[in-house]
Amino acid sequence: MNLTVALPRGLQLKNPVIAASGTFGFGPEYAAYVDLNQLGGVSVKGISPEPWRGNPPPRVWETPAGLLNSIGLQNPGVQVFIEEDLPFLANVDTRVIANIIGHTVDEYRQVAERLTAHPRVDAFEINISCPNIKEGGMTFGHDPDQAYQVTRAVREVTDRPLMVKLSPNVTDPGLIAEAVVDAGADMISAINTVVGLAIDLRRRRPALGGGTGGLSGPAIKPIAVRVVYDIAQRVSVPIIGMGGITTAEDVLEFLMAGASAVMVGTITFQHPQRMMEIIQDLPRVLQEYGFARLEEAVGAALPGHSEGRDFHGAPLGRA
Amino acid sequence: MNLTVALPRGLQLKNPVIAASGTFGFGPEYAAYVDLNQLGGVSVKGISPEPWRGNPPPRVWETPAGLLNSIGLQNPGVQVFIEEDLPFLANVDTRVIANIIGHTVDEYRQVAERLTAHPRVDAFEINISCPNIKEGGMTFGHDPDQAYQVTRAVREVTDRPLMVKLSPNVTDPGLIAEAVVDAGADMISAINTVVGLAIDLRRRRPALGGGTGGLSGPAIKPIAVRVVYDIAQRVSVPIIGMGGITTAEDVLEFLMAGASAVMVGTITFQHPQRMMEIIQDLPRVLQEYGFARLEEAVGAALPGHSEGRDFHGAPLGRA
Amino acid sequence: MAHAFDAHVEEVRVPAPDHVEILLRHEALAQAIPGQFAHVLTPGTLRRPISFSRLMPERHLAGILFRVVGQGTAWLSRVEPGQTLNLLAPLGRGFTPPDPDEPWCVVGGGVGIPPLYAATRQWGNQHAPAVILGARTRQDVLMADEFQPMAESLTITTDDGSWGTAGTVLGPLDRWLTSHPKGTLLACGPTGMLAEIWRRTAGWSGRVQLALEQRMGCGIGACLACVVTAEPVGPEGPRYRRVCTEGPVFAREELVFQ
Amino acid sequence: MAHAFDAHVEEVRVPAPDHVEILLRHEALAQAIPGQFAHVLTPGTLRRPISFSRLMPERHLAGILFRVVGQGTAWLSRVEPGQTLNLLAPLGRGFTPPDPDEPWCVVGGGVGIPPLYAATRQWGNQHAPAVILGARTRQDVLMADEFQPMAESLTITTDDGSWGTAGTVLGPLDRWLTSHPKGTLLACGPTGMLAEIWRRTAGWSGRVQLALEQRMGCGIGACLACVVTAEPVGPEGPRYRRVCTEGPVFAREELVFQ
Ligand SMILES: Cc1cc2nc3c(=O)[nH]c(=O)nc-3n(C[C@H](O)[C@H](O)[C@H](O)COP(=O)(O)OP(=O)(O)OC[C@H]3O[C@@H](n4cnc5c(N)ncnc54)[C@H](O)[C@@H]3O)c2cc1C
Ligand SMILES: Cc1cc2nc3c(=O)[nH]c(=O)nc-3n(C[C@H](O)[C@H](O)[C@H](O)COP(=O)(O)OP(=O)(O)OC[C@H]3O[C@@H](n4cnc5c(N)ncnc54)[C@H](O)[C@@H]3O)c2cc1C
Ligand SMILES: Cc1cc2nc3c(=O)[nH]c(=O)nc-3n(C[C@H](O)[C@H](O)[C@H](O)COP(=O)(O)O)c2cc1C
Ligand SMILES: Cc1cc2nc3c(=O)[nH]c(=O)nc-3n(C[C@H](O)[C@H](O)[C@H](O)COP(=O)(O)O)c2cc1C
Ligand code: FES
Ligand code: FES
């Protein structure tokens, strides 16, 4: 089965499975375990204009079917990325998505401007879950106006394919989706982590050095599917879905909810080879659920699409 | 160890473990499995002025470490509750919390007014996760003004202890907490379920008859603890914490985050007797983590409280 | 006080591919009635409801027979004799015994067959029922050998004709209804099959009992998860009734299929 | 390409109450160096990092020895010979071998002892180290018998004085440092102990290697979870370095404890 995915501005993926930002380093780290050439794409760790130090450890904490992290977007800055990481990626045949971060609108713009000069960057993903230091730490992604401004600023300096990654921690993610599409985003990726907190009972303190953390993993899958399903009905750009994917069936769930491709994060820590297994399983799973082509599955569970049929071809009704 | 909890307006609990609304019926259903007299309290299924029919089935769906439900607040209405359920509760020695719901401010007021006449109702819990039909279905709990109005309306007709149950599905739950405390709430309960969606791959449709559902169970515990920890720093009224509690250690986590008592929901479906086991375990667990009294644990992980000490009495520092 | 109790796994059988029957022992199981179910603890967040496939109250034994369809039943299929399973049981409203002076018929589809076997064992000794069993293919026809000696007649249908008549149970059932104007009909199987039986028995003057399935939470009537559409039909539509406590067995008159 | 691989469980021992040593076999383990670790698959969402307690490269064997502290190690303690464990291994930077012409000392606390035993087996044969082992109580002193024949001297301390000197490893260590102005010190144990050793060795002219712990995500350098504070110290404070790939073993000079 042909698994290629055609996205806006000529962004073509071999298959719909992309390594999620922050869980896959800059590419080389997992190269010993994963054949990067087999992946649909790699979204690298968030990149800022200057190095970011990140949060004090501990930075991860296990929760039921989930993981809390507070890495704090530690990264060596765009210059080091260009000098040390892009050259490695030059020899890899997959789509490279630069995930960009900043504390001000201008910082986002700077990173995008620097990286647009490099043809190896195939697309941009704006992470708007950063605190806006000018606005007293309020997160860009929590306010449609700020989300619009960041997207607009990046759009002005690049004609590369551009996606904006939504935070689920708002009353109405669809509102943010509409704002960033208005500002020129070609795609939406969703979701980033859900804000959570765990307490270290012995230390009587938040378990993570940064206090609150971002919840990822299977625990958040229903939240992620809900956000994708919701924004798919609010905007008409392609969606890259993610949150708790561990199997090809999970990928299909996101596709049916309206995603054109997916990103896979936390499960890689346990099973470095799982993304490759998912890619291998996907044709079988699509067929098992009655899809002859990948695109048929996209949005199949949205209102207006016909219901599934059972093994006997009869429509599956409700009791 | 004395486990009693003293809450505002003379609401005294035997212990901090209350059955969560919607997971424990109106009391008699679990009476064959649980000695209701041992519980700190029972929050009954949400009660509206007239019967509510609820959502089409299926109404529950399992997710990783979680449960999605879309019961749709089916209930027989306040009249039937008074006639058929309150008499049973009259013979039970635990605190009865009436969880009230409505589609308009006036409907909330009506239920509170009717039930205030009944001394067996020890306290009210306002569920503001209902759609406001006058405002086109927007949920009361998503807007500080509407949350204020509902709380105010109920406060005007009752001097019984009053808690408002917060939805986690907003950008800033602390804002809603402040509004309802301004409106006269004596306590906050948190959290209600997190909006999620699952897709039935075979039917190619949302798995639940109601489409989206509410996520509960261990999966949401980090989200719930975060909300409790956050609002504990924003308002000074007692908090009843809940979301994914399955053990006495989980109860302690909520207490340390700032809760004075807790509610236990989803785990009861698997283990009807778990609430009683938790109550039994709690003194041992409090002691194990160095608390001589229950109240010492309340808020112990909040900023300003001293850090825990290790087994040797030395403060536990960070690496 | 009732309990969630640990029942001993006495025996594990594989009556058909992908199907497992587990024989359980606990004194509380001696109270069970055909048509009732056990809410079985498995990993995950919910228990799994499974009907009794056979009851041997003197020995405190009860069987559950299930098809392996997902994680819960896959886990159950790996249980071994000597282990225990945690149950809430017996739950729900079982079948009402057939009138001994009238003919009766049991119609089962797929994993709807086992509870009817329990009913046939219980009430069929002196008074053999007509038995109609349907399944997708030959391999999925459950318990036919065990029904044989207790059945007044045994009719098998398979969707693909690999055993018995090709087609569904509805054809043989129509014939039985026509030739038996009175009597008792017990049916259990896929919801689509039960809805069709509900429609076809509209004018029949016997008593019809249908055993339904629905996704469950608590299993004991508290959460209102497991509802099906029932009489009376009001302006908003039918009312909802709980399979776990008001069913799984409903009289035809109580239900509404749309 | 490296793999997450299934290693065979050869042997499971209980060297002390609540402690388990598992001997694993896989050819990839022949490459391991003392101080390196395996990232072990357990139920849950993260693997568990555990250092090698002994290495037998000719036989493709490696041991891991852990204290049962939570769900992951509890699950591991129930593993049986004949099963497999899925590992990412060997990971991280191990110890640098001690200079054969200089004295060396290993200082271990609690579950920091096993990796030092692996080092002593590897390099202590011709060149016995001074061994200082500390634990809370007598029961928690690990591997003392096994160190005995390979140690130039063996000093044991327990917090409660139930075996050896009452107190911590720091007293005996101070004496060894004073009497050995040059040499190599390998230390592993609780972070508080390592921080104290880091401070006390400030003026010492030998080489100090400290094996650190930190909560880990990936274990292979990608997620930046497992950081500790290291040189250089900038205006914002020390920089963060990864235990999983830049450690677990760090030279004293690389680290900053605050
Ligand atoms: C009263 C009653 C009696 C039943 N008796 C039998 C029986 O005798 N033999 C048998 O094979 N099956 C029976 N079922 C169906 C059985 O409960 C499901 O097949 C089983 O729960 C599937 O679990 P799973 O984890 O393998 O599947 P999954 O699909 O992974 O389960 C996911 C969730 O959906 C629920 N679920 C899935 N299918 C059904 C279903 N058909 N009905 C209700 N809930 C479902 C599960 O309980 C679980 O909560 C009965 C159902 C009910 C309600
Ligand atoms: C490089 C390295 C080597 C180690 N070597 C050993 C060893 O040889 N023997 C031994 O007994 N222990 C060792 N540990 C500690 C060991 O990893 C933890 O005790 C173990 O992960 C606890 O898992 P759990 O599920 O039982 O505990 P839980 O507390 O339930 O674990 C919850 C989470 O916290 C993590 N965690 C808990 N304690 C630690 C810790 N001390 N360090 C890092 N992560 C932790 C777990 O990995 C898991 O992700 C080592 C740790 C590191 C980083
Ligand atoms: C350790 C860790 C670090 C992450 N760092 C980033 C990041 O730098 N930028 C970003 O956009 N998302 C980051 N994420 C979020 C993931 O890309 C993804 O949105 C989220 O984890 C949900 O997917 P998953 O459940 O498959 O992990 C991070 C997630 C984890 C677990
Ligand atoms: C099946 C079900 C029904 C619920 N019904 C209600 C309700 O009627 N009113 C309400 O305030 N909360 C309701 N809740 C939410 C619970 O009271 C609780 O806030 C939530 O489930 C989180 O706790 P838990 O994880 O322990 O279940 C319901 C939850 C479940 C699972
Ligand atoms: S399953 Fe809870 S009411 Fe039936
Ligand atoms: S654990 Fe991921 S970088 Fe070390």
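This report covers the ligand 3 site, the annotated domain and the pairing of the two chains.

## Basis

This is a predicted model: local features need pLDDT of at least 70, side-chain atom pairs count only at pLDDT 80 or more, and totals for chains, interfaces and linings use all residues. Side-chain values use heavy atoms, without hydrogens and water, residues are numbered from 1 along each chain as its sequence is written, and chains are lettered from A and ligands numbered from 1 in the order in which they are written.

## Ligand 3 site

Ligand 3 has 23 residues around it (a heavy atom within 4 Å). A:Ser21, A:Lys165, A:Gly217, A:Gly244 and A:Thr266 come nearest. The shell holds 6 nonpolar, 15 polar and 2 charged residues; Gly counts as polar, and Asp, Glu, Lys and Arg as charged.

Backbone atoms of three glycines face oxygen atoms of the ligand. For A:Gly244 the distance is 2.7 Å. For A:Gly217 it is 2.8 Å. For A:Gly265 it is 2.9 Å. The protein covers 98% of the 610 Å² of accessible area that ligand 3 has on its own (Shrake-Rupley method, 1.4 Å probe).

## Annotated domain

An unreviewed UniProt entry assigns "domain: Dihydroorotate dehydrogenase catalytic" to residues 10-286 of chain A. Such annotations may be inferred rather than shown by experiment. This stretch is 31% helix and 21% strand (DSSP runs: H or I, at least four residues; E, at least two). Its end C-alpha atoms are 25 Å apart.

## Two copies

A turn of 180° with a shift of 0.0 Å along the axis lays chain B on chain A, at an RMSD of 0.0 Å (least squares on C-alpha atoms of residues with pLDDT of at least 70 in both). The copies are therefore related as by a two-fold rotation axis. Both use the same surface: 100% of the contact residues of chain B recur in chain A (heavy atoms within 4.5 Å).

Note on methods. Polar contact = N/O pair within 3.5 Å; in protein donor to acceptor, adjacent residues only side chain to side chain.
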